[in-house]
Each structure stands twice: as structure tokens, then as C-alpha cells.
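Colleague: Please take a close look at one part of this model for me. I would like the loops with unusual backbone geometry first, and then the surroundings of the ligand.

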Amino acid sequence: MKPEIDKNKIVIFSGAGISAESGLQTFRDSDGLWNEHAVEDVATPEGWSADPKLVLNFYNERRIQAFQASPNAAHKAIAKLEEKFEVVVITQNIDDLHEKAGSTNVVHVHGQLKFARSSLDDRLLYPLEDKPIHIGDVCEKGSQLRPHVVWFGEQIHNYEIARDHIITASRVLVVGTSLSVFPAAGILKKARFHAEKIIVTLNLEKKPHGFKLLRGKATALVPSIINNWLNV
Ligand code: NAD
């Protein structure tokens, strides 16, 4: 039997588009990162084996940009929801703009730029803030440090936690994602039939069943959706 829906619970599912208006490039838009870098070079275990220096440089640059970025009106509105609701933010983003905006329950499914990880033992994480990782930086077991991000072909983080939250949510708001990276995008299939389900994004290949699509910028649409929910 499915668990009961919690009327007070809202799940936000976000992607790179929510941070675009904070100055962080997405991957797939026309001005996105994939136009400057081949995905297989910088976001796969094979790319890491072939040229670790290139991969470290790519994420070192992303880390500094994310560190310097500020949350925008969409991140801030989401944080405000906690005044009235239990809110869980499930994010594909590797920046920490939801946390900077004040959200207290953020589940990262694709890792976080602000940590380095041992390339030998997944459990060994090291805080970096804005610091770079260099070739020769090693974990306590002596193996090279790598970015704490999920690459194509690697296992998503916190899948069960994210799935269990979405199953009990009475409202699901999806913001700024192309929904083309799986299995993360598949988590939305777990949203309940009776939940209110909205997607805010600019482009979407395939809308998941039961969701209402609002095409537009996150900062233009998200604050008003959230104000409606706060004022019901
Ligand atoms: P994506 O690049 O595939 O898609 C971004 C989506 O956001 C597109 O649908 C686009 O139309 C939309 N978008 C762009 N600007 C927007 C705006 N102002 N308002 C609303 N929507 C806007 O990104 P994705 O779906 O998140 O998936 C790809 C992967 O990219 C994720 O796994 C994530 O780890 C990674 N990524 C993260 C960051 C970050 O942390 N800021 C940046 C780039 C990529």
C-alpha cells in the first residue's frame, strides 16, 4: 500500500535552469556548457581517466563561479515556503544556492561542488569552499581527490530518500530542468496522482504525465506560484 499524502508537504525538484539567472550556465541551453566542452571529456569516468587535469580545471572553474553566485528570487521564494510548509528540495544542481537562500532540507542527487572526494573511497569527503583540487592532492588513504559530482554512468546519490519524499508530497514544483538526465528525472514518476504538480522551465522535451507546464523564467514565475500557496 502507498503511504498517505501529507497535505503540508511540498517537494521542489530543481535543475540548472533555476541557477541560470544567478549567472551559472546550464548544460544544454544554446549558451550552455556543452557548447564549450564535450560532455564525455568532463563528465564521465572515461574523461577523468583520460585527462584528470582537464576535468579538475573544469570543476575548479565551476566551483569558483558557484561560490561567488548569489541566490535569485526563485531560490529565495522556495526558502520562504518553509514559513508554512514542510519543504524538501531535491536538486540536480551541484551549486549550493538553495542553501544560501535559506532552504534547510536540500537533497543533492548529483553531488556538490564544494566537496572533494577520494577517488578510492566514496565515503571520504573533504570541504573545499571555493578552493581548487590539483593533481597530487590526495585523500588520507593516498588516492587522488576528485570532484564530488555524479558523472554520466555513475550512480545517483540519495535516490531512495528523494523517492520517499516525493511519494508523500501533496505539491510538487519542478523548476529549470530539461528532465533529460536519468534516473534523476524518473523520480518525478513517483509523484502522486492527487498531488498538485507544476513544471516551470523554458524548454522541455517531454512533459511527465499529470504535470502542468508553465513555460517561462524561474524568477518570473516561481515567486507568484509560491505566494499563492502561502496565501491560501
Ligand atoms: P539542463 O542544462 O539539461 O537543462 C536546463 C533547463 O533549464 C532547460 O530546460 C532550460 O530550458 C531551463 N532554463 C534555462 N534558463 C532558465 C530560467 N531562467 N528559468 C527557468 N528555466 C530555465 O540541466 P538539468 O536538467 O539540471 O540537468 C543536467 C545536469 O546539469 C544536472 O545533473 C546538474 O548536475 C548539472 N548542472 C548543474 C549546474 C548547477 O549546479 N548550477 C549547472 C549546469 C549543469
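Colleague: In which loop does Pro183 lie?

Modeller: In this predicted model, Pro183 belongs to the loop between β7 (169–175) and β8 (196–201). The peptide bond that joins Phe182 to Pro183 is cis, with omega about 10°. A second loop, between β5 (125–127) and β6 (145–149), holds Glu129. Glu129 is not a glycine, yet its phi is positive, about 55°. For comparison, most residues other than glycine have a negative phi, and most peptide bonds are trans.

Now the ligand. The ligand occupies the largest pocket. Its shell takes residues from both domain 1 (1–23 + 70–110 + 156–232) and domain 2 (25–68 + 111–149), so the ligand lies between the two domains. In total, 27 residues surround the ligand, and the closest are Arg28, Gln92, His110, Ser178 and Asn203. By class, the shell consists of 14 polar, eight nonpolar and five charged residues. Helix α1 (residues 17–20) supplies the largest share of this shell, three residues.

Several polar contacts can be listed. A polar side-chain atom of Thr177 is 2.7 Å from an oxygen atom of the ligand. From the backbone, an N or O atom of Ile94 lies 2.7 Å from a ligand oxygen atom, and a polar backbone atom of Asn203 is 2.7 Å from an oxygen atom of the ligand. On its own the ligand has 850 Å² of accessible area, of which the protein covers 95%.

Note on methods. Residues are numbered from 1 along each chain as its sequence is written. This is a predicted model: local features need pLDDT of at least 70, side-chain atom pairs count only at pLDDT 80 or more; totals for chains, interfaces and linings use all residues. Side-chain values use heavy atoms; hydrogens and water are left out. A residue is near a molecule or strand if one of its heavy atoms lies within 4 Å of it. A polar contact is a pair of N or O atoms within 3.5 Å; within protein, one must be able to donate a hydrogen and the other to accept it, and residues adjacent in sequence count only if both atoms are side-chain atoms. Accessible areas come from the Shrake-Rupley method with a 1.4 Å probe; for residues, only the protein chains shown count as cover. On a 1 Å grid over the protein atoms alone, a cavity is a set of points where a 1.4 Å probe fits but cannot get out, and a pocket is an open set with protein on both sides within 12 Å along at least five of seven lines; lining residues have an atom within 4 Å of a point. A molecule sits in a cavity or pocket if more than half of its atoms lie within 2 Å of its grid points. Helices (H or I, at least four residues) and strands (E, at least two) are DSSP runs, numbered from the N terminus. Ala, Val, Leu, Ile, Met, Phe, Trp, Tyr, Cys and Pro count as nonpolar, Asp, Glu, Lys and Arg as charged, and the others, Gly among them, as polar. Domain bounds come from an automatic or database domain assignment.
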